[in-house]
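Welcome aboard! Open your viewer, keep the selection tool handy, and follow along stop by stop.

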Amino acid sequence: PSSIVRKAVVPVAGFGTSFLPETKTMPKAMLPIVDIPAIQFVIEEITKSGIEEILLISGHAKRAVEDHFDSSPELEDQLFQSGKTALLEEIRDISKVNFHYIRQKQQRGLGDAILCAKDFIDGEPFIVALPDDIILNDEETGLSQLLQLLAGQEKVPQKNQRQEKQDGAAGKQSDEGALRAQVVDAFANMP
């Protein structure tokens with residue numbers, strides 16, 4: 001589990017125009033990949049990575065996303081009565097996550113959606129996860145790998161302006177060729 005990043009912001013308020021007409025009545029995040037909504041893959045990756053709190057930023061007609069992660073006593077009772085214990089556990093696991101919700105009043109882009117999370121974030125480090133790209137890994141989630149890199153981060157050595165003009169401002173690979181996380185305090189385009 002990550003001790004550096006405890007919060008995730010998941011914007012799902014957009015119109016989903018790239019998938020019209022399907023997204024006219026169904027949020028893009030709820031479109032299934034086989035039989036699981038795309039948003040569920042994202043939430044599972046976040047929770048497997050040790051992040052404790054998730055803010056879903058929804059918008060008009062996105063209640064299906066909130067309902068998907070809420071408890072459903074009637075459905076749970078039906079599954080129990082039918083002896084479908086595996087499905088019952090899956091449904092219960094989905095609703096155990098500590099979710100927070102906020103509505104983006106007007107869809108003015110991803111930056112505005114993230115700005116809606118300002119009070120939730122409260123100055124802490126956080127991740128933004130989108131259900132647009134899903135990468136499955138049986139061993140360790142991509143987010144877990146990124147958080148491990150962040151935990152072992154190194155500061156980029158300070159350079160004077162003359163050095164920056166000669167060889168750039170930031171980033172390098174380790175001697176083994178593996179990408180290493182770097183903190184960039186400033187970035188300047190080089191001619």
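Is arginine 63 buried or exposed? Arginine 63 has 52% relative accessibility, so it counts as exposed, the cut-off being over 50%. Before going further, please keep in mind that this is a predicted model.

**Stop 1: helix α2**

Stay with arginine 63 and add aspartate 67 to the selection. Both residues belong to helix α2, which covers residues 63-68, and they sit four residues apart, about one turn of the helix. Their side chains form a salt bridge, with 3.6 Å between the closest N and O atoms. Aspartate 67 is the partly exposed partner, at a relative accessible area of 41%.

**Stop 2: the whole chain**

Now zoom out and colour by secondary structure. You should find eight helices and eight strands in the chain. Of its 191 residues, 31% count as buried. Among contacts with a separation of 6 or more, 75% are between residues 24 or more positions apart. If you switch on a surface, about 13000 Å² of the chain is exposed, and carbon and sulfur atoms supply 52% of that area.

**Stop 3: arginine 6 and its partners**

The whole structure holds nine salt bridges, and the next place to click is arginine 6. One of its partners is glutamate 52, where the closest N and O atoms are 3.1 Å apart. This pair links distant parts of the chain: arginine 6 is in the segment before β1 (7-11), while glutamate 52 is in the loop between α1 (38-48) and β4 (53-58), 46 residues apart.

Next, select glutamate 124, which also meets arginine 6 in a salt bridge, at 3.2 Å from N to O. Glutamate 124 lies in the loop between α6 (118-121) and β6 (126-128) and arginine 6 in the segment before β1, so this pair ties together parts 118 residues apart in sequence.

How exposed are these side chains? Arginine 6 is partly exposed, with a relative accessible area of 26%. Glutamate 52 is also partly exposed, at 44%, and glutamate 124 is partly exposed at 24%. To see the wider network of salt bridges, select Arg6, Lys7, Glu52, Glu53 and Glu124 together.

**Stop 4: the nonpolar cores**

Hide the surface and look inside. The largest nonpolar core has 21 residues, and those with the most contacts inside it are Val10, Ile39, Ile43, Ile46 and Ile127. At least two residues of this core come from each of β1, α1, β4 and α7, and α1 gives the most, with four residues.

Which residues does isoleucine 46 touch, leaving aside those up to four places away in sequence? Select Ala8, Val10, Ile51, Ile54, Ile127, Ala129 and Leu143 to see them around isoleucine 46. Then move on to a second, separate core of seven residues, which includes Leu55, Ala113, Phe120 and Ile121.

**Stop 5: a nonpolar patch outside**

Finally, bring the surface back and select Ile33, Val34, Ile134 and Leu136. Together these four make a nonpolar surface patch of about 400 Å². Leucine 136 has its place in the loop between β6 and α7 (142-151). With 65% relative accessibility, leucine 136 counts as exposed.

Conventions. Residues are numbered from 1 along each chain as its sequence is written. This is a predicted model: local features need pLDDT of at least 70, side-chain atom pairs count only at pLDDT 80 or more; totals for chains, interfaces and linings use all residues. Side-chain values use heavy atoms; hydrogens and water are left out. Buried means under 20% relative accessible area, exposed over 50%, partly exposed in between (1.4 Å probe, protein chains only). Patches are made of residues with over 30% relative accessible area and no salt bridge: like charges are joined within 9 Å, nonpolar side chains (Val, Leu, Ile, Met, Phe, Trp, Tyr) within 5 Å. Accessible areas come from the Shrake-Rupley method with a 1.4 Å probe; for residues, only the protein chains shown count as cover. Contact means heavy atoms within 4.5 Å. A nonpolar core is a set of buried Ala, Val, Leu, Ile, Met, Phe, Trp, Tyr and Cys residues joined through side-chain atoms within 4.5 Å.
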